[in-house]
Amino acid sequence: MDARELKSMAAAAALAYVEDGMRLGIGTGSTAEAFVHLLAEKVADGLRIEGVPTSERTARLCVELGVPLRSLDELPELDLVIDGADEVDPDLNLIKGGGGALLREKIVAAAAARMLVIVDESKLVDTLGAFPLPIEVNPFGLVATRHSVEQKAAHLGLTGDLVLRQSNSETFTTDGGHYILDASFGRIPDAEALSNALNAIPGVVEHGLFIHMASMAIAAGPTGARMLRANI
Ligand code: 5RP
């Protein structure tokens, strides 16, 4: 089975957690998109949900497929958010933001009673950090913010390239109009300490460490999809 099939398997398993009448956060990325396709079939069959998308990209797909959408301001409390991830550790701490939607993803996850992560099992890691950590920054003061990130990381024993994300030969801009620095720190032994340190930098809008946010994860592998639960 290839990664695309495993992502579809995880997405299909997640459907079992969607109940009629739910207020549902809908994630971003290829796994989340596989979920949207399956969700749209259920909606066409009569399932009633109200979805809050985590990106313009997901919103466009939902509209195209007929999944009913509301804004987070209309539905500020959600029952469940279902989203992908770039890495998942044994405590279900995550690195997210490979698709650049980490800010809205984190705002929506914080508004949801539960977060269900859907991944192929290649995303499961013992320690976060092999995947470059996306750090969303305000374009104003980019160089100063970058220095602060390097300094705070160095205090925690972390070094590595910080690459300003590009797309089609231009600086990638998020839905919120910000830039992303992808930080190749390697292994991050204390992700919570790094999260707190990054949150203290004024030019950092948000970062892709999701600490104690996911309550469940579905990881799909060649032998099937398994449910992982966090103690939060
Ligand atoms: C987008 C994300 C995605 O959930 C993450 O990058 C995983 O993507 P994919 O499902 O395509 O592997 O965080 O910002």
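**Overall fold and the packing of helix α3**

Residues 24 or more positions apart supply 74% of the contacts in the protein with a separation of 6 or more. The model is predicted. Its secondary structure consists of six helices and 15 strands. The radius of gyration is 17 Å, close to the 17 Å given by the globule rule for 232 residues, so the protein is as compact as a globular protein of that length. The C-alpha trace spans about 55 × 35 × 35 Å along the principal axes.

Of the 232 residues, 50% are buried. The exposed surface of the protein amounts to about 10,600 Å². Carbon and sulfur atoms supply 49% of that area. Charged side chains number 19 positive and 32 negative. The centres of these two sets lie 1 Å apart.

Helix α3 covers residues 56-65. Within this helix, Thr58, Ala59, Leu61 and Cys62 are buried. Viewed down the axis of α3, the buried residues fall within an arc of 165°, so they line one face of the helix. Arg60, Val63 and Glu64 are exposed on the other side of α3. The packing partners of the buried residues are two strands, β1 (23-26) and β2 (50-53), and one helix, α2 (30-44). Gly66 follows just after α3 and takes a positive phi of about 85°.

Key: Residues numbered from 1 in each chain as written. Predicted model: local features only at pLDDT ≥ 70, side-chain atom pairs only at ≥ 80, totals over all residues. Heavy atoms only, no water. Helix = DSSP H or I, 4+ residues; strand = E, 2+ residues; numbered from the N terminus. Rg over C-alpha atoms; globule rule 2.2 N^0.38 Å. Buried < 20%, exposed > 50% of the residue type's maximum accessible area, 1.4 Å probe, protein only. Contact = heavy atoms within 4.5 Å. Areas by Shrake-Rupley, 256 points an atom, 1.4 Å probe, with all protein chains shown as cover. Lys, Arg positive; Asp, Glu negative; His and termini not counted. Charge placed at Lys NZ, Arg CZ, Asp CG, Glu CD. Arc of directions from axis to C-beta.
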